[in-house]
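Let's walk through this one together, from a single strand pair out to the whole chain and back to a few individual residues. Have the structure open and follow along.

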Amino acid sequence: MKARFYRCDGEDVICCLCPRRCRIAPGKRGACLGRMNRNGELCSLVYGAPVAVQVDPIEKKPFADFLPGTKTFSIGTFGCNLFCKNCQNDRLSRGTPSENPGRIVPPEKVVEAALQHRCRSVAFTYNEPTIWAEYAIDIARLAHEAGLKTVLVSNGFITPEAAAELYPLIDAANIDLKSMDPEFYRENCRGELADVLSAIRQYHRTGGHLELTTLVIPGKSDSDEVIGRIFDFAESLQDPGLILHFSRFFPFYQLRDLPATPPETLYRIREMGEKRGLQIRLGNI
Ligand code: SF4
């Protein structure tokens, strides 16, 4: 499927979907593995190619205050545009989308299935939906026509131009704010905090329901100073409906040598946040 959000430069293409802005030579893929230069044209290898499909409670995404008690039709593909050492889903994020996905699952089939399963929404989740934004955009339009809501679970690593098309079609987003330390994003995720903050603000301006999630990793993203800066950022959005999730880390993937987050750390964060009048939820406790 021909991709959108790119420009040509000679035989190379420059992908403009996420801030990595990969330059991709003919026959090669971008860093997320989901986009490929075929004869000077950028193709999405993940359009219509979900590899994870499930009906989930909306609270599992997590959403604490969006259509509570309802089911959401959740889909995800292979690939990711960040490289988090703590990835909890590397089977999908580091999976390689096939060059020839074969039968495409068209957007209308996803919406039909959501309705059949009596879901109130479709969730773009599991791996990073940014890398299949074209598919999510097409599904979201049809979902709205069918009376369904759309939800996005994302790392927020997306360009402003792609977000300008995707975000207005999203009714609720849970975006990771992994830390307020730029060095953490660079060292742990090979990403840039500034891009994520700008995407969160961009989504917030659409007026959609927003929740943020922080995985609290011992020794990496658990200092009071950095957590305090997350609270500062949350306050800057001036949104009384904003909910902040803080989740417990367990040793996974490339961070197996670290201990799990002590529950007391999360209790302390909740106390700090609630003292500032913020809505805090704890996860994986
Ligand atoms: S979406 Fe993929 S190919 Fe495009 S810039 Fe990001 S990592 Fe590179």
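**A walk through the sheets**

Start with β6 and strand β7 (residues 71-76), which pair in the antiparallel sense over six bridges. If you want a residue pair to anchor your eye, take Val-55, whose bridge partner in β7 is Phe-73. Keep in mind while looking that this is a predicted model.

Now zoom out from that pair. What order do the strands of the open eight-stranded sheet follow? They run β6-β7-β8-β9-β10-β11-β12-β13, with mixed pairing. At the edges you'll find β6 (52-57) and β13 (279-283), each of them pairing on one side only. On average, neighbouring strands here are turned by 20° against each other, if you ignore direction. Helix α8 (residues 263-275) packs on this sheet, where it touches β11 (209-216), β12 (243-248) and β13. The direction of α8 makes about 170° with that of β13.

Next, head for the N-terminal part of the chain. Here three strands form an open sheet in the order β1-β2-β3, and the pairing is antiparallel. Why is one side of β1 and of β3 left without a neighbour in the sheet? Because β1 (6-9) and β3 (23-24) stand at the edges and each has a single partner strand. Strand β2 (residues 12-15) pairs with β3 in the antiparallel sense over two bridges, and Val-13 stands opposite Ile-24 in β3.

Tyr-6 is a good residue to pause on in this sheet; it lies in strand β1. Is Tyr-6 buried or exposed? It has 21 C-beta neighbours inside 10 Å, so it counts as buried, the cut-off being 20 or more. Setting aside neighbours within four places in sequence, Tyr-6 is in contact with Val-13, Ile-14, Cys-15, Cys-16 and Leu-42. For a sense of scale, pick Gly-208, which is 202 residues from Tyr-6 along the chain: their C-alpha atoms are separated by 27 Å.

Cys-15 turns up again when you look at the ligand. There are 13 residues around the ligand, and those that come nearest are Cys-15, Cys-18, Cys-22, Gly-30 and Cys-32. Sorted by class, this shell has seven nonpolar, three polar and three charged residues.

Move along to the loop between β3 and β4, where you'll find Leu-33. Leu-33 has 19 C-beta neighbours inside 10 Å, so it counts as partly exposed; 20 or more would have made a residue buried. Beyond its neighbours within four places in sequence, Leu-33 is in contact with Gly-79, Thr-96 and Pro-97. Leu-33 and Leu-45 are 12 residues apart in sequence, and from C-alpha to C-alpha they are 8.2 Å apart in space.

After that loop comes a hairpin. Strand β4 (residues 35-38) and strand β5 (residues 41-44) run antiparallel and are joined by four bridges. Asn-37 has Leu-42 as its bridge partner in β5, while Arg-38 has Glu-41. Two residues sit between the strands of this hairpin, and Asn-39 takes a positive phi near 55°. Which β5 side chains point to the buried face? Leu-42 and Ser-44 point to one face and are buried, whereas Glu-41 and Cys-43 point to the other and are not. Leu-42 is already familiar as one of the contacts of Tyr-6 in β1.

Finally, step back to the chain as a whole. It has eight helices and 13 strands. The radius of gyration is 18 Å, close to the 19 Å that the globule rule gives for 285 residues, so the chain is as compact as a globular protein of that length. Along its principal axes, the C-alpha trace spans about 55 × 40 × 35 Å. Of the 285 residues, 45% count as buried. Among contacts with a separation of 6 or more, 70% are between residues 24 or more positions apart.

Definitions and conventions: Residues numbered from 1 in each chain as written. Predicted model: local features only at pLDDT ≥ 70, side-chain atom pairs only at ≥ 80, totals over all residues. Pairing = 2+ DSSP bridges. Near = placed C-beta within 6 Å. Nonpolar A, V, L, I, M, F, W, Y, C, P; charged D, E, K, R; others polar. Rg over C-alpha atoms; globule rule 2.2 N^0.38 Å. Buried ≥ 20, exposed ≤ 12 C-beta atoms within 10 Å, placed from the backbone. Contact = placed C-beta atoms within 7 Å. Axes fitted to C-alpha atoms, helices over the stretch in contact; angles between N-to-C directions.
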